[in-house]
Amino acid sequence: MISAKRSWMSVVVMVLCVSLLAACGGNGKNESGSEVVGSASAGGSPEKVTLRFMTWDSGQTLQPYQNAINAFMEKHPNIEVKVESVPDNYDQKLLTALASNTAPDVFMAWNYPLYVPGGALEDLGPWVEKDQYDLNMYYPILMDYMKYDGKLWGLPTTYSPRAIYYNKKLFDEAKVPYPQDGWTWDEFVETVGKLTKPGQYGFIATPDDVFTAQPFFWSNGGDFISDDGKQIEGVLNSEQNVKTMEFLKRVYDASSKINTAGKFSTNNGIEAFQTGQIAMWDNGMWPLGDMLAAGKLDLGTVTHPIPEGGTLKGIIHTSGYSMPKNGEHKDEAWELIKFMSGPEGSKIITANKFAFSPVKQVDKENGYANDPYLKAFAKELENSDKLIANMRTEKWSQAEDIIRSGFQAIFYNNADIKKMLDTTAQKAQEVLK
Amino acid sequence: MSRTNAGEAALLRSARRKRWKENLAGWFFVSPWMFGFVFLMLGPMLFSLVISFTEWNMVGAPKFLGFDNYIRMFTSDPFYYRALTVTFKYVFLTVPLQVILAILIAVLLNRATVGIRFFRAVFYMPSLIQGVTLALIWGWMFNADFGPINFFLEQAGLPRVHWLTDPDVALYALVIVALWGVGSPMVLYLSALRTISSEYYEAADIDGAGRIRKFFSVTLPLLTPTVLFNIITSLIASFQTIVLAFVMTGGGPAESTYFYSLHVYRSAFTHFKMGYASAMAWVMFVMIVLLTGLILKSSKYWVHYEADGGGR
């Protein structure tokens with residue numbers, strides 16, 4: 001009868017639906033049965049293992065890491081390492097991968113407060129114990145960047161402080177003497193003013209960049225947030241910070257009323273600097289090797305200026321190699337991490353002035369501290385004792401948004417500095433709750 | 001008697017069977033879209049509705065929060081009202097401007113005697129560039145130091161404008177970019193204009209109407225169905241603007257282009273608050289539905305469909 005046919009048809013349709021559902025949900029959650037510490041393939045059995053390695057470097061900055069990986073693969077012929085380069089939206093990609101259990105075997109990470117609370121990362125403490133790996137070979141402050149909540153989550157990759165590059169030719173043209181280490185804030189503002197003219201910027205001030213403004217605040221004895229990551233109000237709007245902010249505003253006004261090199265020069269103005277439109281440029285050491293090799297620019301480097309009575313406290317860019325908790329080849333991944341981070345790998349990576357090695361010995365061997373261009377960078381490290389704000393609390397990104405908004409109000413809208421810092425500190429404190 | 005009844009019954013049965021077959025065929029034709037809709041749209045929408053009542057950073061389990069996300073949105077999010085204001089400002093500038101510009105160009109094109117096909121293509125082509133490409137190109141056009149727009153301004157002796165880095169100007173720069181895509185609705189208006197019977201114009205001529213009068217009393221009223229469509233579609237699209245702001249200004253300077261969708265994106269993918277972002281997305285959805293409903297309701301007062309002889 002008709003009703004029988006109808007119900008038979010609907011059964012067919014339902015079966016189709018269900019099979020489509022099953023197909024869609026195919027690679028759902030892997031059962032947490034792969035939570036084994038020390039997988040079954042111990043003992044160096046010669047089966048081929050492929051590891052995925054994820055980094056945010058690309059192009060020229062990827063090459064040093066690729067070189068180290070090639071050396072690793074030569075040493076371990078049964079391990080193949082596939083490099084995944086993610087220059088944009090790295091955090092998002094990593095978090096999605098961790099959430100869907102498709103994370104790479106080894107990846108670079110720096111924002112540990114973000115990843116750790118979810119329990120997606122592998123605690124490296126037991127691995128270090130097992131191999132009696134000597135953590136003393138590293139600079140102590142770098143190890144602080146690898147820890148969160150009392151545990152170790154990564155081994156350091158490389159580190160780079162920041163310094164100021166300057167264009168000697170532009171200084172000569174303006175008949176301004178080259179800056180020297182230990183120069184003051186006032187001297188800096190003056191220099192910026194002298195080197196700014198139509199079509200040329202003395203310095204690029206970036207009101208969006210809260211991260212790289214930190215060292216200025218530290219050098220004047222202030223900070224964004226308390227060391228334990230719980231207090232912003234009272235810290236952000238301190239007297240010293242008001243003075244620092246006034247200084248930054250003066251730099252901004254002296255160099256460019258409105259920063260235009262921000263969005264459309266990649267890497268914050270590197271092309272503009274290389275083509276001689278910016279006289280002084282703040283950055284890490286990564287582009288230095290290439291700039292010197294290209295040889296088109298007569299440049300020098302100098303440490304950041306300091307306020308009267310302040311101490312130079314530089315900021316460190318560093319990151320770590322980490323493993324996901326649910327990785328499938330943790331033994332091999334651990335070997336890769338040890339190699340890349342240890343003396344062998346980091347020596348290859350930091351060749352050609354690319355960065356400093358986290359291993360004290362390798363740094364000495366490279367002799368960068370005496371290199372005329374790298375001296376300034378090495379000096380910036382000397383008194384660095386502060387962790388970046390991101391490492392102190394997992395709620396930093398929201399607080400940072402509010403602080404950035406406050407900074408922009410000061411730079412763009414000439415808001416009263418003390419009042420703005422007070423309001424900003426208060427709002428940011430709310431977010432920490 | 002029974003024979004005719006049996007015959008009728010048989011006819012009825014085969015008619016029903018035929019209808020049933022046609023129905024089934026219809027469903028099968030639609031089924032690919034249905035599956036897509038259910039699994040790629042309806043399913044995720046329901047999922048995000050559920051998540052909007054939780055706090056979830058993707059790694060780990062969601063934590064139930066009740067209405068906290070919704071309350072927080074309206075009371076303690078320092079950026080929420082900013083995002084709303086920017087988005088509303090943008091929408092209420094772009095939509096009317098787009099409609100007016102599209103109609104104007106269509107009317108002009110309609111009067112062209114020579115090369116109408118060529119000009120129609122020329123006006124339509126810009127709207128083919130979309131998304132990130134559009135944003136990148138205009139980003140460079142608006143660049144204060146190297147961009148062509150400032151170059152020509154300076155040639156004309158006018159001061160440079162900091163299009164994307166001056167908080168007072170940035171939003172308007174984005175409106176200009178939105179107007180770049182005016183070719184799309186323009187083509188619609190053009191074909192609508194063609195369907196206006198010349199009898200109306202002749203009647204207007206006889207009554208002594210000038211060109212302007214004819215435009216406002218004949219052309220415009222007969223275009224209103226297309227205008228309705230245009231308003232609704234571009235309203236929905238401009239509320240959801242994200243690519244332009246994301247690529248060209250990142251929401252700056254000083255949050256002057258901090259669109260609602262940008263705030264949703266940032267809450268989701270920079271702060272990793274999926275629940276809060278979902279809640280905001282649903283509020284936006286409700287707002288758009290309400291606005292669209294309002295416009296549709298109002299349409300019976302100003303839209304003239306030819307079929308019902310015009311008028312209210």
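**Close-up 1. B:Tyr200 in its helix.** Look for B:Tyr200 in helix α9 of chain B of this predicted model. B:Tyr200 has 17 C-beta neighbours inside 10 Å, and because a residue needs 20 or more to be buried and 12 or fewer to be exposed, this one lands at partly exposed. Follow the chain for 19 residues and you get to B:Thr219, whose C-alpha atom is 9.0 Å from that of B:Tyr200.

**Close-up 2. Helix α9(B) and what comes after.** This helix runs over residues 198-206 of chain B and is hardly covered. How many of its nine residues are buried? The count is zero. After α9(B) comes B:Gly208, with a positive phi near 85 degrees.

**Close-up 3. α9(B) against α10(B).** Helix α10 of chain B spans residues 211-239, and its axis comes within 10 Å of the α9(B) axis. The two axes cross at roughly 140 degrees, so the helices count as oblique to each other. As for handedness, the crossing is right-handed.

**Close-up 4. Who touches whom.** On the α9(B) side, the contact is made by B:Tyr200, B:Tyr201 and B:Ala204. Facing them from α10(B) are B:Lys214, B:Ser217 and B:Val218. Sorted by character, the residues of this contact come out as four nonpolar, one polar and one charged.

**Zooming out. The domains of chain B.** The domain assignment splits out domain 1 (2-51) and domain 2 (68-308). Their centres, taken over C-alpha atoms, sit 39 Å apart.

Technical notes. Residues numbered from 1 in each chain as written. Chains lettered and ligands numbered in written order. Predicted model: local features only at pLDDT ≥ 70, side-chain atom pairs only at ≥ 80, totals over all residues. Helix = DSSP H or I, 4+ residues; strand = E, 2+ residues; numbered from the N terminus. Axes fitted to C-alpha atoms, helices over the stretch in contact; angles between N-to-C directions. Parallel < 35°, antiparallel > 145°, perpendicular 65-115°, else oblique. Left-handed = near helix turned anticlockwise from the far one by under 90°. Contact = placed C-beta atoms within 7 Å. Nonpolar A, V, L, I, M, F, W, Y, C, P; charged D, E, K, R; others polar. Domains from an automatic or database assignment.
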